[in-house]
Amino acid sequence: MSGAVPTRQTLRHLRRLCLIDSPTATTAPATTRRRPSLLQCSRPLSTRHPRQAFSTSAICHQQPRAQTQAEGPPETTEQPKEEDATLSASPLDVTNYYTLFPLTLASGPPPRGAFDIPLSHLRREFLRLQSQYHPDKFPPGTASHQKSRALSSLLNNAYKTLSDPLLRARYLLQLNHGIDITHEDNATHAGVTDHSTLLEVMEAQEMLEEATTHDEIETLMRDNVERIRETEKALGEAFEKDDVESAKRECIKLNYWRSLHSALHEWEPGKEVRLVH
């Protein structure tokens, strides 16, 4: 029995027993205690990551809200400013029809300005203003849309009136002297239509009623065009001299010749003709 050789397994067992009783065994807990300290140091690191991830995600969710709140008010507040700026950038002077077209009619109505108007320039300015104040440029239902509709209608009426010498003359009599020449009033027309004008109108009417061919009508048309031209010239001179009675007389005369002009274009053999003033 004493000469038996211990096996490896027996030696390992004896070594473990020696380690338990040896002084080095007391130092083992120190090494084992250091391990928990490492774990404790790693715990705050592991806890920091979730907090950082949570705060980052919260910031990411808050940034779009801040942007929408910052971007929202300018859209609602700037839109009316743009509409008002468009209408008030070059506001129209609506004092009268002449002030609506300051480029073409800078001198204003006669007697200060001329009666004749350069129609090509007037049309060019009218189209530019209509494009600027067209109602389709503004949102429906807004104050700017209603204002643009009113301005557009005013521009249309002004352009139509000023483009026609007869309508222009009627407008100037109403504007400068408060006279409505179209009103059936004896006081307005008293002494305006002279005897020679009545005779000329009656003679033209008889010639129209007696006409039987288109050649005769064409001759009457040429004669009437010349009457219209002469009357418009006399009408302009009367307004530029501020001669109210002459302006009234020429305005009524021009209305006769315009009526004859329409009757000549509508002529038919045997058709009754009635000229109006």
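The following exercises, with worked solutions, concern aromatic rings, helix packing and burial in a predicted model.

**Exercise 1.** Classify the ring pair Tyr97 and Tyr171, and determine which parts of the chain this pair links.

*Solution.*
1. A pair of aromatic rings is described by the distance of the centres and the angle of the planes.
2. For Tyr97 and Tyr171, the centres lie 4.4 Å apart and the planes meet at 10 degrees. Planes under 30 degrees apart count as stacked, so the pair Tyr97 and Tyr171 is stacked.
3. Tyr97 belongs to the loop between helix H2 (28-88) and helix H3 (119-132), whereas Tyr171 belongs to helix H5 (residues 165-177). The two residues are 74 residues apart, and the pair links distant parts of the chain.
4. Tyr97 has a relative accessible area of 17% and Tyr171 one of 18%. Buried means under 20%, so Tyr97 is buried, and Tyr171 is buried as well.

The search of the whole structure yields three aromatic pairs, and another of them is treated next.

**Exercise 2.** Characterise the pair Phe126 and Tyr159, and establish how helices H3 and H4 are oriented to each other.

*Solution.*
1. The centre-to-centre distance of Phe126 and Tyr159 is 4.3 Å, with 5 degrees between the planes, and the pair is stacked.
2. Phe126 lies in H3 and Tyr159 in helix H4 (residues 143-163), so the pair ties together parts 33 residues apart in sequence. Both residues are buried.
3. The axes of H3 and H4 are 10 Å apart, at an angle of about 175 degrees. Angles over 145 degrees count as roughly antiparallel, and H3 and H4 are therefore roughly antiparallel.
4. Phe126 and Tyr159 also take part in the helix contact, to which H3 contributes residues including Leu122 and Leu129, and H4 residues including Leu155 and Leu162.
5. The 21 residues of H4 reach 30 Å from first to last C-alpha, close to the expected 30 Å. Among the buried residues of H4 are Leu151, Leu155, Ala158 and Leu162.

**Exercise 3.** Identify which rings lie beneath Arg168 and Arg227.

*Solution.*
1. The charged end of Arg168 sits over the ring of Phe115, at 4.8 Å from the centre of that ring.
2. Arg227 lies over the face of Trp257, 5.0 Å from the ring centre.

**Exercise 4.** Decide whether Glu250 is buried or exposed, and list which residues Glu250 touches.

*Solution.*
1. Glu250 is located in helix H9 (residues 244-265).
2. The relative accessibility of Glu250 is 11%, so this residue counts as buried.
3. Leaving aside residues up to four places away in sequence, Glu250 touches Thr231, Ala234 and Leu235.

Conventions:
Residues are numbered from 1 along each chain as its sequence is written. This is a predicted model: local features need pLDDT of at least 70, side-chain atom pairs count only at pLDDT 80 or more; totals for chains, interfaces and linings use all residues. Side-chain values use heavy atoms; hydrogens and water are left out. Rings of Phe, Tyr and Trp (its six-membered ring) pair if their centres lie within 6.5 Å; planes under 30 degrees apart count as stacked, over 60 as edge-to-face and the rest as tilted. Helices (H or I, at least four residues) and strands (E, at least two) are DSSP runs, numbered from the N terminus. Buried means under 20% relative accessible area, exposed over 50%, partly exposed in between (1.4 Å probe, protein chains only). A charge sits over a ring if NZ of Lys or CZ of Arg is within 6 Å of the ring centre and within 35 degrees of the ring normal. The expected span of a helix is 1.5 Å times one less than its number of residues. Axes are lines fitted to C-alpha atoms, for helices over the stretch in contact, and angles run from 0 to 180 degrees between N-to-C directions. Angles under 35 degrees count as roughly parallel, over 145 as roughly antiparallel, 65 to 115 as roughly perpendicular and the rest as oblique. Contact means heavy atoms within 4.5 Å.
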